[in-house]
Amino acid sequence: MNFVALRMLMGDRAKYLGIIMGLTFASLLITQQASIFVGLMSRTFGFITDTGLPDIWVMDPKVQFVDDIKPMQDTMLLRVRGVEGVAWAMPLYKGLLKARLQNGNFQTCNVIGVDDATLVGGPPEMVEGSVANLRRAESVIVDDVGAGGKLARIPTDDNGAPIKGAKIEPLKVGDTLELNDHRAVVVGLCRVSRTFQSQPVVYTTYSRATQFAPRERKLLSFVLVKADAGVDHAELCARIKRTTGLEALESAAFSWTTVMYFMKYTGIPINFGIAVLLGFLVGTAIAGQTFYNFTLDNLRHFGALKAMGATNGRLLRMILLQSIVVGVIGYGLGIGLASLFGQLTGKTELAFRLVWQVLAISGGAITVICALSAVLSMQKVIRLEPAIVFKG
Amino acid sequence: MVVVNGQPGGGGGGGGVPGNGASGKAPGGAAVHMRGVTKHYGEGTARVMALRGVDLDVQQGQLMMLVGPSGCGKTTLISVIAGILDRDDGDCAVFDRDLSAMSQRKRTLWRGQSVGFVFQAFNLMPTLTAAENVAVPLMLLGEGRHAAVKKASELMTRVGLEDKIRSLPSQLSGGQQQRVAIARALIHEPRLIVCDEPTSALDHETGHVIMQLLKSVALKEDRALVIVTHDQRIFEFADRIARMDDGRIMKVVNSAAELNNTK
């Protein structure tokens, strides 16, 4: 009878397409909004992802997320290095400094200072030049988006006023910047993950970064730690905490801490949650209502089948099959369209990250919608008196 | 339940008329045997007695017509006979099976094997072809689609629809749709065929053709036909006619003329 169920379903094209469209819309909206949410949340810890080498991040215990810098004394680096199980520990500076542009404007930059000797914590991907160029005097590496945008040179006339319609000139290797009254020479361009901070990212060495930064007693933002081979990371974190009194988190845990901060203190989850809920409700309303109407329209035929010997179980299996078919098609189309959206917007500023968990959530939501629709329809069919077929 | 050689064993209760159970001709045993069957709908002030103690026998090989004014209980009676509705009281056996003793599920399965239905509104599935509609009872009995449709196509040839096998119901005339419905009622070789106003949606000539078809193709020695109708033009096809009124069988006669004479 599967054949009859499918022909019943697909025979009424308008209703069939209506159900599919409802589920597709729900699946698309849930997947797309959830993916943008995941994309945005991923941006919160983009810097941690970019800094791939260390296993453990050591920081002041009061740090709540990756951009919440609470500097430590440089001596802390040595204390961490002294903990058993630490293969290496490198300093990292992270701070906001003002860069003076050629036209006299100031632009705040996110300055990252990496270990002078090893350059651990350096840019994840070079577009031009080499990370090793940081060993040159006054050298900095700038991210390509910042170089082509906020740090770009705006052509000016003799009076220093911007020339209207003139093309901006991206900052390029060899150009100079003025960082907190210190000369800096661009020796490379890199590509970094987008983060919540919109400032250009400037990489330099730790010692140079601390020269650029205003003089403070504490300048060490993080200590990046690599564990000895075979050492349990969780155990090492606990040991570092015990020995130094600092917070030590594995990279994944620090990323999660950062995400949770944004989840807790910003309205982002609520806003996206509402959009996802809206997709779920609209999908339920359209698909559920249409599927239920489809069953009502076919009630007479279900009654005839019941009269002719179809048991409730068989009719329920027919409805279930119809529900599964529209669910799978709607879900497939929805996630397909969401993926296409992700592909098309991949190179824009839009945060879109489609992970398997989103697919599972979307699939779960569509299953719930289909199950609700099917249960409503099943109730109607179970209660159906086959004697209905004798009514003219 | 008492059945002795197809003859009723008691006068029944309620509104049963003595002699209602007598058969006009009885080539086989009793197909349907009812005594004192009652059925009501609703409760309290909305309570309606649809059957008030019906006694009825239908013999195998017979075509029994149930006639009477609207609301007299014909459709309820046919529903009880076909195992679609439960009776409240009394005895009802169809081919010696006490339907009320069966569970709902068993009765549904029994209907699928033993009863063929022809409905007033045809009730063909609009998205299935004529042959697929005919094949539905076989598929319900577990037969594969291809085998069922093949058998259905052969039967459609017998009812004169060999050129409409692949047509959708919407492409068929009313008469053709009813022929498809008859083929659907016969495909699984049921022993009881119940028809609800099979000719009311058809013109006189087509109705005549349908009744001839029912009588020639459907009626067999071991099978019984029960037809509910208002259509006096087809009374001539009946072996017996039971006139109902107010939930009771008022009279059972052997011909339309006899029915008219006793009104």
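The buried residues of helix H7 in chain A pack against four elements of that chain: strand E1 (56–59), helix H4 (75–81), strand E9 (222–227) and strand E10 (247–250). The model is predicted, and the description of this helix is therefore a reading of computed coordinates. The residues concerned are Leu236(A), Cys237(A) and Ile240(A), which are buried in H7(A). Viewed down the axis of H7(A), the buried residues fall within an arc of 105 degrees, so they line one face of the helix. The other side of H7(A) carries exposed residues, namely Ala234(A), Glu235(A), Ala238(A) and Arg242(A).

The length of this helix can be checked against its residue count. H7(A) comprises residues 233–244, and at 1.5 Å a residue its 12 residues should span 16 Å; the end C-alpha atoms are 16 Å apart, so expectation and model agree. Just beyond the helix, Gly245(A) adopts a positive phi of about 80 degrees.

The setting of H7(A) is a chain with 12 helices and 10 strands. Of the 392 residues in chain A, 40% count as buried. Among contacts in chain A with a separation of 6 or more, 80% are between residues 24 or more positions apart. As to overall dimensions, the C-alpha trace of chain A spans about 95 × 60 × 30 Å along its principal axes. The radius of gyration of chain A is 30 Å, whereas a compact globule of 392 residues would have a value near 21 Å.

Chain A also meets a second chain. In this interface, 19 residues of chain A are in contact with 27 residues of chain B. On the chain A side, the elements that give two or more residues are helix H1 (2–11) and helix H10 (299–307). H1(A) provides the largest share of that side, with five residues. By residue class, the chain A side divides into 12 nonpolar, five polar and two charged residues.

Chain B itself contains seven helices and 12 strands. Buried residues account for 52% of its 263 residues. Of the contacts in chain B between residues at least 6 apart in sequence, 72% join residues at least 24 apart.

One sheet of chain B may be followed strand by strand. Strands of a sheet pair through backbone hydrogen bonds, in either a parallel or an antiparallel sense. Here four strands of chain B form an open sheet in the order E4-E3-E6-E7, with antiparallel pairing. Strands E4 (48–59) and E7 (97–98) of chain B stand at the edges with a single partner strand each, so one side of each has no neighbour in the sheet.

From the E4(B) edge, nine bridges join E4(B) to strand E3 (residues 30–41) of chain B, and the two run antiparallel. Within this pairing, Ala30(B) has Gln59(B) of E4(B) as its bridge partner. E3(B) also pairs with strand E6 (residues 89–94) of chain B, over five bridges and in the antiparallel sense. In that pairing, Val94(B) of E6(B) is the bridge partner of Val32(B).

Val94(B) also takes part in the next pairing, where its bridge partner in E7(B) is Arg97(B). E6(B) and E7(B) are joined by two bridges and run antiparallel. These two strands form a hairpin with two residues between them, and Phe95(B) in the turn has a positive phi of about 50 degrees.

Note on methods. Residues numbered from 1 in each chain as written. Chains lettered and ligands numbered in written order. Predicted model: local features only at pLDDT ≥ 70, side-chain atom pairs only at ≥ 80, totals over all residues. Contact = placed C-beta atoms within 7 Å. Nonpolar A, V, L, I, M, F, W, Y, C, P; charged D, E, K, R; others polar. Pairing = 2+ DSSP bridges. Buried ≥ 20, exposed ≤ 12 C-beta atoms within 10 Å, placed from the backbone. Expected span 1.5 Å × (residues − 1). Arc of directions from axis to C-beta. Rg over C-alpha atoms; globule rule 2.2 N^0.38 Å.
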